[in-house]
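Me: Please take a close look at a single part of this model, the helix that gives the largest share of the nonpolar core. Which residues does it meet, and what stands out along it?

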Amino acid sequence: MNLKAFAIIAAHIMLVIVGYYVLHHYHIIGTMPNNDNLLRWDAYWYYIIKKDGYQFVPFRTCNMAFFPLFSIIWRATQFSPALISIFNLCLFAGAFMLLIKQEKISPVFYLFLLAIPSFIFFGLPYSEALFFFFGTLLLTGYGSGSLMKKLVGFYFASLVRSVSILFIPAVLLTTVVMHGFKPLNKKAWAEALYSCAASFGGFLTAAFIQYFQTGKWFYFLEVQKYWKRHWIFPKLPLSTYSPERIMAIDGIAVIIGVVAIYHCLKWTIGKVFKGRDVNTYQNGVTAQVVYSAFILAGTTLLDVFFTFNLEEGANIWSINRHLLCTPFAIVFLHWLYKHFAPQWREVSALVILLVLGIYLTGVFRYYEMVLYYFLFFFSFFIIKYYPHLRYYFIITYVWFAIVQITFFQEFLLNHWVG
């Protein structure tokens, strides 16, 4: 066990818990978590599946939009909402330690990641922690060359969420980027097909469970339109529910997704048309990094184009949770932090992207959101290039932790935070 990593994770969790109680004691925060207010938003739907199973309701939203594994585990444990939240937090902490052990992440970067506001979902009755666990397992399978780890990770992650639509093309594209077509690497392509089969197997298992309980095959595809999920051309600037609270973190997720899209295109075009190995661009581009980038790219495109338009712009609701609360974001961000050395053209493009991002994502409408948006990326820059400025980061980290606490409070008050 990495005692330093364990100590840092435990210290952050304790800081957030103690900070929450202190702010509550001084009436800055007025709500404490309980078994009622933990069942907000998606948590309520998972609870209904755990309690009563799937229920088909024609022509309206119903719980068949959600995949079953988290609710199955919740039913098996018979935990209360508070206990399942603690279970999720422990599951995330264990998976996070496994991931950072493989990635060899620096302690300062631990804290930067742990203070991401969206990480509150790892301590709620949501499926994020379970998805993080199996996502970590499949990534460690890529890192260690263990096909069994990958197969288990792909199968069960696809039982947690309807992610096969992203997993399968990401597996195939990762194999193209890492191995190409000529000469055909039979072992790599065989493992890719096994991985796709495992992911599709999880998808089919979820479909069978829903069919067994409701008599409906693949209804989780059709029900999306009743949740207002359909293909659109997004109206700009982008928006979300409660943008005055979370537009910055949603905007940050979009920017990270766009950076991932850029690298996916560069690596794929370079391999297919020029026969270039990915490490001729940058060091440290492993299969885990490439696969993670494809998942982030796909998630970004899906959340921007498979949604509906609000009056202000296309609704990118949940993108901060879908993208940032994954091991794929951690692996990709760590590669950017440790290995990515942009050329001057890429630096210019990144600066333009960050500036344009406040307009394209609607962050510009909210001054506090602009501050957090730029402070997040500035802190990343400081940690990457000036790690000796630890006193600056301590101040920033405390502020980020307070933002995380307020996110948790907003969730308990039934305000949308992702």
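Reply: Phe-332 is a convenient way in: it touches Ile-256, Val-259, Ala-260, His-263, Trp-267, Val-289, Ser-292, Ala-293 and Leu-296, leaving aside residues up to four places away in sequence (contact means heavy atoms within 4.5 Å). The model is predicted, so local features need pLDDT of at least 70 and side-chain atom pairs count only at pLDDT 80 or more, while totals for chains, interfaces and linings use all residues. Residues are numbered from 1 along each chain as its sequence is written, and side-chain values use heavy atoms, with hydrogens and water left out.

Phe-332 is among the residues with the most contacts inside the largest nonpolar core, together with Phe-167, Ile-256, Trp-267 and Tyr-291. That core has 142 residues (a nonpolar core is a set of buried Ala, Val, Leu, Ile, Met, Phe, Trp, Tyr and Cys residues joined through side-chain atoms within 4.5 Å; buried means under 20% relative accessible area with a 1.4 Å probe, protein chains only). Helix H11, residues 243-274, supplies its largest share, 13 residues (helices are DSSP runs of H or I, at least four residues, numbered from the N terminus).

Helix H11 also holds Lys-271. Lys-271 is buried but has no salt bridge (a side-chain nitrogen of Lys or Arg within 4 Å of a carboxyl oxygen of Asp or Glu). Its nearest side chain of opposite charge, Asp-277, is 4.5 Å away (Lys and Arg count as positive, Asp and Glu as negative; His and the chain ends are not counted). Beyond four places in sequence, Lys-271 touches Val-176, Val-177, Met-178, His-179, Gly-180, Arg-276 and Asp-277.

Key
Buried means under 20% relative accessible area, exposed over 50%, partly exposed in between (1.4 Å probe, protein chains only). Helices (H or I, at least four residues) and strands (E, at least two) are DSSP runs, numbered from the N terminus.
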